[in-house]
Amino acid sequence: MTTTKSDEEHLDEPFILEITINRDSPVALHQQISVPLERMITKGEILPGQTIEDEVSLANRLQISRPTVRRAFQDLVTKGLLSRRRGVGTRVSPSPVQRQVKLSSLNEDLIKAGHTTRTEVLRYEVRFADEDISKKLACDEGTEIVFFERLRWLDNSRLALMQNYVPSDIAPSLTDLARDGFYHCLAQSGVHLQSGYQQIGAKNASDYEAEILHVDPSAALVTMKRTSYDESGRIVEYATHCYDAAQYAVTMPLVTA
């Protein structure tokens with residue numbers, strides 16, 4: 001499932017909230033904006049990623065003050081329904097992804113959960129393993145490896161920035177990687193994952209990460225470092241991923257001792 005450029009352009013067209021303000025109502029003015037907008041978002045009548053009419057335009061059109069509109073928007077930001085960023089405007093927030101800890105493909109997990117996804121390959125480079133990467137892939141220093149960096153979209157929002165280091169003899173082509181998930185590519189070439197380990201953490205977004213993910217500088221990110229093994233015990237990838245924390249959470253089952 002993919003989104004098209006026309007879909008993205010449609011989401012950039014501000015949604016105009018057609019409401020009438022009743023100044024004689026006991027309902028506060030800001031709630032007369034936030035309540036119907038919240039209802040439309042939760043019912044799916046406004047798509048995730050959709051731009052909302054800016055507060056200046058809305059205030060002028062409804063003939064109310066900007067602080068009233070700002071409070072209405074902030075109520076929905078607090079509830080996680082809207083996000084606001086300078087230069088981007090106010091948009092409908094995507095529903096957070098709840099993902100269990102397991103050795104699986106993010107792309108396939110998202111599709112199974114009913115989301116629309118697409119992937120942009122930002123970098124694809126053949127390199128020689130340096131000292132650090134040779135240790136992580138358990139190969140000799142100077143061994144040929146492939147590094148690739150991808151941007152994963154969730155519905156109409158930027159979810160994850162993913163970097164992978166893979167032995168060159170099993171690395172998917174740039175064409176395959178742009179079309180399919182990495183683990184699907186491995187399976188198609190006869191490489192079957194058996195086990196792995198990963199470290200989940202958190203960090204503040206760097207300037208580069210903030211620019212790629214369209215989040216505020218120093219925004220919270222969920223991080224993941226993963227090493228995966230095939231059936232023979234060979235390391236087939238070392239990965240470092242970061243996710244927009246507003247859209248992504250990790251769940252873990254718990255049992256008593």
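In helix H4, the residues Thr68, Val69, Ala72, Phe73 and Leu76 are buried. These residues span an arc of only 130 degrees around the axis, which places them on the same side of H4. The structure is a predicted model, and this briefing sets out helix H4, the nonpolar core, the salt bridges and the cysteines.

**Helix H4**

- Helix H4 comprises the 13 residues 66-78; at 1.5 Å a residue it should span 18 Å, and its end C-alpha atoms are indeed 18 Å apart, so expectation and model agree.
- An α-helix has 3.6 residues a turn, so residues three or four places apart point the same way.
- The exposed residues Pro67 and Thr78 lie on the face of H4 that is turned away from its buried side.
- The cover over the buried residues of H4 includes helix H2 (29-42) and helix H3 (55-62), together with strand E1 (51-52), strand E2 (82-85) and strand E3 (89-92).
- Glycine 80, just after H4, adopts a positive phi of about 80 degrees.

**The nonpolar core**

- The largest nonpolar core contains 19 residues, and Ile33, Leu37 and Leu82 have the most contacts inside it.
- Helices H2, H3 and H4 each contribute at least two residues to this core.
- H4 gives the most to the core, supplying four residues.
- Apart from its neighbours within four places in sequence, leucine 37 is in contact with Leu17, Ile46, Ile52, Phe73, Leu76 and Leu82.
- Among these contacts of leucine 37 are Phe73 and Leu76, which also belong to the buried residues of H4.

**Salt bridges**

- The structure holds 13 salt bridges.
- One of them joins the side chains of arginine 91 and aspartate 12, with an N to O distance of 2.5 Å.
- This pair links distant parts of the chain, 79 residues apart: arginine 91 belongs to strand E3, whereas aspartate 12 is in the loop between helix H1 (5-11) and H2.
- Aspartate 12 has 42% relative accessibility and therefore counts as partly exposed.
- A salt bridge also joins aspartate 169 and arginine 234, whose closest N and O atoms are 2.7 Å apart.
- This second pair likewise links distant parts of the chain, 65 residues apart: aspartate 169 is in the loop between strand E7 (157-167) and helix H7 (174-179), and arginine 234 is in the loop between strand E9 (220-230) and strand E10 (235-244).
- Aspartate 169 counts as exposed because its relative accessibility is 55%, while arginine 234 is partly exposed, with a relative accessible area of 33%.
- The side chains of arginine 127 and glutamate 125 meet in a further salt bridge, at 2.7 Å from N to O.
- Both partners of that bridge are partly exposed: arginine 127 has a relative accessibility of 29%, and glutamate 125 has one of 26%.
- Glu55, Arg66 and Arg70 are connected through a network of salt bridges.

**Cysteines**

- A disulfide is a covalent bond between the sulfur atoms of two cysteines.
- A search of the whole structure finds zero disulfides.
- Cysteine 185 has a relative accessible area of 9% and so is buried.
- Cysteine 242 is also buried, with a relative accessible area of 4%.

Conventions: Residues are numbered from 1 along each chain as its sequence is written. This is a predicted model: local features need pLDDT of at least 70, side-chain atom pairs count only at pLDDT 80 or more; totals for chains, interfaces and linings use all residues. Side-chain values use heavy atoms; hydrogens and water are left out. The expected span of a helix is 1.5 Å times one less than its number of residues. Buried means under 20% relative accessible area, exposed over 50%, partly exposed in between (1.4 Å probe, protein chains only). The arc is that of the directions from the helix axis to the C-beta atoms. Contact means heavy atoms within 4.5 Å. A nonpolar core is a set of buried Ala, Val, Leu, Ile, Met, Phe, Trp, Tyr and Cys residues joined through side-chain atoms within 4.5 Å. A salt bridge is a side-chain nitrogen of Lys or Arg within 4 Å of a carboxyl oxygen of Asp or Glu. A disulfide is a pair of cysteine sulfur atoms within 2.5 Å.
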